[in-house]
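Student: I've got a new model on my screen and I'd like to learn how to read its features. Can we go through it together?

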Amino acid sequence: MKGGTLKYYGVANLRGTKKWQAQVNKKYLGCYASEELAAEAVYFHLKEAPDTGEGRQLRLGENEIPMPTGVQKRGDNQFCARYRGKVIGTFPSRHEAAKAYQLASQEGNAV
């Protein structure tokens, strides 16, 4: 992918914006507010489809994934997403909570 970073495989900064694109083998995985969220999307995509022949090291181990902005861990296997102080919901994974936060932030910025 052109414009990719050396920090995370499959992640590129969209020039002129503060957004990060996640892409693996020409498959667009989305546009994210942070480099870490984009890296997490790539990580989970490759984890769910290990037979893709990617074979690349992600440089992001499962225990090293940072807690996304707007997401808090609540007990075992529960993650709470908040946007502008309001609870969006509780989710079984940090990835789903991060998606909910991302959607809320996009909708909030469109208003």
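Tutor: Sure, starting with terms: helices (H or I, at least four residues) and strands (E, at least two) are DSSP runs, numbered from the N terminus. This is a predicted model, where local features need pLDDT of at least 70, side-chain atom pairs count only at pLDDT 80 or more, and totals for chains, interfaces and linings use all residues. Residues are numbered from 1 along each chain as its sequence is written, and side-chain values use heavy atoms, with hydrogens and water left out.

Student: How many cavities of 30 Å³ or more are there?

Tutor: A cavity is a set of points, on a 1 Å grid over the protein atoms alone, where a 1.4 Å probe fits but cannot get out; lining residues have an atom within 4 Å of a point. Points are joined across faces, edges and corners, and volume is the space filled by probe spheres set on them. Here there is 1, with a volume of about 40 Å³.

Student: Which residues line the largest cavity?

Tutor: Y32, L37, E40, H95, A98, K99 and Q102. The largest share, 4 residues, comes from α2, while α1 (35–48) and α2 (94–110) each supply at least two.

Student: And how do I read a sheet?

Tutor: Strands of a sheet pair through backbone hydrogen bonds, either parallel or antiparallel. Two strands count as paired if DSSP finds at least two bridges between them. In this model, an open sheet of 3 strands runs β4-β5-β6 with antiparallel pairing. Its edge strands, β4 (71–73) and β6 (86–91), each pair on one side only.

Student: How many bridges join β4 to β5?

Tutor: There are 3, with β5 spanning residues 79–83; in one bridge, V71 partners A81 of β5.

Notes: 1 Å grid on protein atoms, 1.4 Å probe; cavity = no way out; pocket = protein on both sides within 12 Å on 5 of 7 lines; lining within 4 Å.
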